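Let's take a walk through this structure together. Have the viewer open and follow along as we go.

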Amino acid sequence: MADTTLMTIPGQVDPVPVARDITPREDGRIDLIGLPRPRIRELFAEAGLDARQAKLRSKQVFHWLYHRGVTDFEAMTDIAKTMRPWLAERFVIGRPNVVEAQHSSDGTRKWLLQTDDGHDFEMVFIPDADRGTLCVSSQVGCTLNCTFCHTGTMRLVRNLTPGEIVSQVMLARDALAEWPKGVMDGLDDAEDAGHYTADGRLLTNIVMMGMGEPLYNFDHVRDALKLVMDGDGLALSKRRITLSTSGVIPAMERCGEEIGVNLAVSLHAVTKDVRDEIVPLNKKYGIEDLLQACADYPGASNARRITFEYVMLKDKNDSDEDARELVRLLKEFNLPAKVNLIPFNPWPGAEYECSTPERIKAFSDIVFEGGISAPVRTPRGRDIDAACGQLKTAAEKKSRAERDREAAAAQQA
Ligand code: SAH
Ligand code: SF4
């Protein structure tokens with residue numbers, strides 16, 4: 001079994017990323033998904049190819065893996081027929097294991113996925129009129145325990161590897177049948193005609209808003225997103241990728257510099273008392289410092305505004321005064337900002353209620369009047385527990401007793 005890191009300390013200690021790029025497999029083969037070009041080249045050289053061959057083959061294989069989405073070496077038609085079994089003996093092209101795929105009545109899709117060492121996590125696809133957004137997970141569970149978030153109540157936490165992160169996007173492209181076709185398939189180079197965008201894709205945007213705090217798994221998220229943005233990889237523009245953080249200040253600047261994607265910040269409250277309660281990380285990184293880090297975010301501008309997410313919790317953070325204070329703070333720090341108001345999505349045992357629609361409207365109006373756009377995000381996929389903050393895997397919903405019984409049975413087997 002692969003080694004895993006259990007991180008159970010809520011919001012106090014930054015978890016140490018698991019330093020590994022390769023998940024060991026029982027059959028000894030190496031999964032190439034998640035590896036950058038130079039690493040693939042290195043592995044090919046270690047397996048016996050001379051330097052020139054390793055360079056050439058890694059370039060070809062990289063293209064097939066990430067740009068064309070093939071999952072079988074036999075499909076790599078510009079690689080010699082004799083070479084393909086050589087590759088297949090040593091390497092595999094992985095995808096997350098799909099435990100369950102669900103469809104919501106509003107078109108939202110959710111996949112329950114599993115890592116090779118048996119950890120469950122989730123991914124959600126949200127189709128809209130003019131775009132399709134994939135909500136990607138960065139961790140199994142989350143250490144931060146925001147009180148309104150179901151994911152934060154998961155006991156098991158482990159960072160996902162770059163492969164486990166990028167392969168969510170690859171799996172979505174598989175499911176939507178959206179890999180570009182090429183001349184080598186005997187088809188023309190034109191991409192599929194689709195419904196939504198000029199380039200004909202359903203999957204147009206990515207948000208790192210699934211399970212986990214992406215900036216607590218910085219290196220792996222960066223490495224995965226580099227593959228997503230690579231022109232010869234998944235080739236998605238950084239302008240179509242948004243990373244959401246609960247406010248891990250020390251990693252924010254690096255995020256702008258090393259990844260360069262759009263930033264969303266889970267603000268959710270404007271006073272220390274309330275934010276300390278609902279986003280416990282606030283005790284470590286307070287509101288003013290967080291807003292300063294936003295003002296310093298590399299690449300933020302009026303054309304590329306920072307999104308501030310604000311979950312609407314009845315009688316907790318939703319007063320007119322809160323809305324006015326929100327405007328004041330965003331102006332004080334001169335932030336190129338837009339506010340995203342998220343109606344609270346309930347889950348069993350949650351101690352909050354969603355603000356009334358009238359309250360949300362009043363709040364939104366005040367922020368708009370302050371000159372800041374503040375649309376209300378329509379909840380999607382609630383019927384399949386796919387909405388923001390509802391992600392918590394079925395395995396984690398089991399009781400402690402059930403888990404203990406299963407563990408005992410596994411030991412006896
Ligand atoms: N950990 C990151 C990203 C994942 S959560 C973060 O916190 O930003 C994505 C968004 O959903 C965050 O803004 C989060 O605060 C919000 N969210 C969590 N639980 C929610 C719930 N029950 N209802 C509505 N939004 C929720
Ligand atoms: Fe973690 Fe984000 Fe949920 Fe907070 S809101 S517990 S940071 S996933």
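What follows goes from the sheet to the helices and then to a ligand shell. Keep in mind throughout that this is a predicted model.

Start with the sheet. Nine strands make it up, and the sheet is open rather than closed on itself, with mixed pairing. Reading across, the order goes β3-β4-β5-β6-β9-β10-β11-β12-β13. As general background, strands in a sheet pair through backbone hydrogen bonds, and the pairing can be parallel or antiparallel. Now look at the two ends: β3 (97-103) and β13 (337-343) are the edge strands, and each has a single partner, so one side of each has no neighbour in the sheet. Going from one strand to the next, the twist averages 20°.

Zoom in on one pair within that order. Strand β9 (residues 205-208) and strand β10 (residues 241-245) run parallel and are joined by three bridges. If you want a landmark here, find M208, which sits opposite L243 in β10. Helix α5 (residues 218-229) packs on the sheet at this spot, touching both β9 and β10. The direction of α5 makes about 165° with that of β10.

Next, two helix pairs. Helix α1 (residues 37-46) packs against helix α2 (residues 51-67) at an angle of about 130°, and their axes are 8 Å apart. Why call α1 oblique to α2? Because an angle of about 130° falls outside the ranges for roughly parallel, roughly perpendicular and roughly antiparallel, α1 counts as oblique to α2. The α1 and α2 crossing is right-handed. On the α1 side the contact uses R37, I40, R41, F44 and A45, while α2 brings A54, K55, R57, S58, V61, F62 and L65. Sorted by class, that contact of α1 with α2 has seven nonpolar, one polar and four charged residues.

The other pair is helix α8 (residues 287-295) with helix α9 (residues 320-332), whose axes come within 10 Å and cross at roughly 50°. That angle makes α8 oblique to α9, and the crossing of α8 and α9 is right-handed. Here I287, E288 and L291 of α8 meet L329, L330 and E332 of α9. The class tally for the contact of α8 with α9 is four nonpolar, no polar and two charged residues.

Finally, which residues are around ligand 2? They are C142, L144, N145, C146, C149, G152, G212 and S246. By class, the shell around ligand 2 splits into four nonpolar and four polar residues, with no charged ones.

Conventions: Residues are numbered from 1 along each chain as its sequence is written. Chains are lettered from A and ligands numbered from 1 in the order in which they are written. This is a predicted model: local features need pLDDT of at least 70, side-chain atom pairs count only at pLDDT 80 or more; totals for chains, interfaces and linings use all residues. Side-chain values use heavy atoms; hydrogens and water are left out. A residue is near a molecule or strand if one of its heavy atoms lies within 4 Å of it. Ala, Val, Leu, Ile, Met, Phe, Trp, Tyr, Cys and Pro count as nonpolar, Asp, Glu, Lys and Arg as charged, and the others, Gly among them, as polar. Axes are lines fitted to C-alpha atoms, for helices over the stretch in contact, and angles run from 0 to 180 degrees between N-to-C directions. Helices (H or I, at least four residues) and strands (E, at least two) are DSSP runs, numbered from the N terminus. Angles under 35 degrees count as roughly parallel, over 145 as roughly antiparallel, 65 to 115 as roughly perpendicular and the rest as oblique. A crossing is left-handed if the near helix is turned anticlockwise from the far one by less than a right angle, and right-handed if clockwise. Contact means heavy atoms within 4.5 Å. Two strands pair if DSSP finds at least two bridges between them.
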